[in-house]
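Here are a few exercises to work through with the model open beside you. Try each task before you read its solution.

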Amino acid sequence: MDTGSATAIAAAVRDGVLTPIQVVDAALERIRSRDRKVNAFSVVRTDAARAEAQALAERPDLDVLPLAGVPIAVKNNIDVTGEVTRAGSLAGSDRPAEMDHPVVRRLRSAGAVVVGLTSVPEFGLWGVTDSPAGVTSNPWNPKFSAGGSSGGSGAAVASGMVSIAHGNDGLGSVRIPAACCGVVGMKPGRDLVPAEVGVNSWGGMTENGVLATTVADAALMLSVLADRPDLADLSTSQSLRIGMAAAPPLPLARVDRHWDGAARKAAAAAAAAGHAVESAQLPYQGATFALMLRWVANAAHEAAAVPHPDRLQSRTRTHIALGKAALRSGLVRPAQVDRIEARLLDYFERYDVIITPTLATPPPRARRWHTLPWLANVIANVRYSPFTPLWNLVGWPAITVPMGIHPRTGTPVAAQLIGPPGSESTLLRLAVQLETAHPWRRTAR
């Protein structure tokens, strides 16, 4: 049995065409045969998932569950009962979680079965996924990274092991691997989905989100995470005012022409669908400094809670030291974000949606980045993903959709759609129009 879409799997289980155990067994077999090539999973819950599938089959409400029997992967930085939440680090507790994170509870209540936990770089700090346990490779070309920090989730979906996966996004950590791996990646706006990631969800910058092979699956999963069934409705959207902003946030940043082309392709498709599209220039000023401060400061907050700081990776220790210095200096101030958001709110008076490239270049090489110096990691991350972090700083929704394949690397390219607070439905409905105009190959297999 092929993976299929989450929507199709759930419908088949609700109708009695498939049983939860059949679906879960098929997913576990795909993981067994495919994961050795990409290292998407840090934990495969073979026995636990089968037991949960059997229990699910006996639920009296199976025929109405939106995710009935759907196998799902969960990023290993939120709690899943009975599993150790390692967050990609050896420095944390070895104690298994005693209860599910709220989003895991919602997924299970909706009928999903957690078949495994996905690989993540230490504390989700980096846009590439590797650890002492291994390197997560891109299913389209294993010479390149799957991205990060939800790289394991991106690789799991792109390789067809599961059709949907959980991820979370603090500087682009859902959208980056989704773009690298050619899947849909949705970061909801602040407070739509329970966050509760790490110490304080990176000061409100991190949201739990979705990676999926189709827009319909992404909308379905988001509707469950948000407890908002209406988000699964992808009826044709109204005519939108769209700005196409391909210029990079950093003055010296270079945008690969094929990634620039991905944004222009999406903008052209939007125009062909009847939307008003024009070139635009986003007001990025001030955002880079505020983001860099919070990137290191949030690492310092996370480190304060780890029981074994002596086990931290070298690059993380440097990041933490800089974060402590930034906090002591008093440079991290809410007013910085308030000014940036006020500017953006004024700017979005003219637009309903902005389209950018999701990334500036193809992903970095798949390698043991955690063994390299801190500066090498920072340069690699900033160079290829300058477009995603701003929307975490202000807590606005954003989605990435595949827009083709890079001819040099054989890895996907993608466009990012961004909207103001509360625009999740608008973004999803525009995304499904782009999917219809330019359908993508669902998986790398």
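Helices (H or I, at least four residues) and strands (E, at least two) are DSSP runs, numbered from the N terminus. Keep in mind that this is a predicted model.

**Exercise 1. Locate alanine 280, decide whether it is buried or exposed, and find what it touches.**

Step 1. Start with the position along the chain: alanine 280 lies in the loop connecting E12 to H10.

Step 2. Next, take the accessibility. Buried means under 20% relative accessible area. Alanine 280 has 16% relative accessibility, so it counts as buried.

Step 3. Now look for its surroundings, skipping neighbours within four places in sequence. Alanine 280 is then in contact with Gly243, Met244, Ala245, Tyr347, Tyr351 and Ile354.

Step 4. Check one of these partners by distance. From C-alpha to C-alpha, glycine 243 and alanine 280 are 5.1 Å apart, although 37 residues apart in sequence.

**Exercise 2. Work out which strands pair with E11, and in which sense.**

Step 1. Take E12 to begin with. Strand E11 (residues 241-244) and strand E12 (residues 276-279) run parallel and are joined by four bridges. In this pairing, arginine 241 sits opposite alanine 276.

Step 2. Follow the chain between these two strands. It leaves E11, passes through helix H9 (residues 257-272) and arrives at E12, making a right-handed β-α-β crossover.

Step 3. Turn to E13. Three bridges link E11 with strand E13 (residues 353-357), again in parallel, and glycine 243 faces isoleucine 354 there.

Step 4. Continue outward from E13. Its pairing with strand E15 (residues 412-418) is antiparallel and has four bridges, with proline 357 opposite alanine 415.

**Exercise 3. Write down the strand order of the open sheet and explain why E1 and E12 are its edges.**

Step 1. Trace the 11 strands of the open sheet: the order is E1-E3-E2-E8-E10-E9-E14-E15-E13-E11-E12, and the pairing is mixed.

Step 2. Look at the ends. Strand E1 (41-44) and E12 each have a single partner strand, so one side of each has no neighbour in the sheet.

Step 3. Add the twist, which averages 25° from one strand to the next.

**Exercise 4. Show how E8 is paired and how it is enclosed.**

Step 1. Find the parallel partner: strand E2 (residues 71-75) joins E8 through two bridges. Here isoleucine 72 has isoleucine 164 as its bridge partner.

Step 2. Find the antiparallel partner: E8 pairs with strand E10 (residues 207-212) over six bridges. Isoleucine 164 appears again, this time opposite alanine 212.

Step 3. Separate the two faces. In a regular strand, side chains alternate between the faces of the sheet. For E8, Ile164, His166 and Asn168 lie on one side, with Ala165, Gly167 and Asp169 on the other, and all are buried.

Step 4. Conclude: six of the six residues of strand E8 (residues 164-169) are buried, so the strand is largely enclosed by the rest of the structure.

**Exercise 5. Classify the packing of H10 against H11.**

Step 1. Use the axes. Those of helix H10 (residues 287-303) and helix H11 (residues 314-329) come within 7 Å and cross at roughly 105°.

Step 2. Apply the cut-off. Angles of 65 to 115 degrees count as roughly perpendicular, and H10 and H11 are therefore roughly perpendicular to each other.

Step 3. Inspect the contact. H10 contributes residues including Leu293, Trp295 and Val296, while H11 contributes residues including His319, Ile320 and Leu322.

Step 4. Sort the contact residues of H10 with H11 by type: 11 are nonpolar, three polar and one charged.

Key
Residues numbered from 1 in each chain as written. Predicted model: local features only at pLDDT ≥ 70, side-chain atom pairs only at ≥ 80, totals over all residues. Heavy atoms only, no water. Pairing = 2+ DSSP bridges. Right-handed = clockwise from strand over helix to strand, strands pointing away. Axes fitted to C-alpha atoms, helices over the stretch in contact; angles between N-to-C directions. Parallel < 35°, antiparallel > 145°, perpendicular 65-115°, else oblique. Contact = heavy atoms within 4.5 Å. Nonpolar A, V, L, I, M, F, W, Y, C, P; charged D, E, K, R; others polar. Buried < 20%, exposed > 50% of the residue type's maximum accessible area, 1.4 Å probe, protein only.
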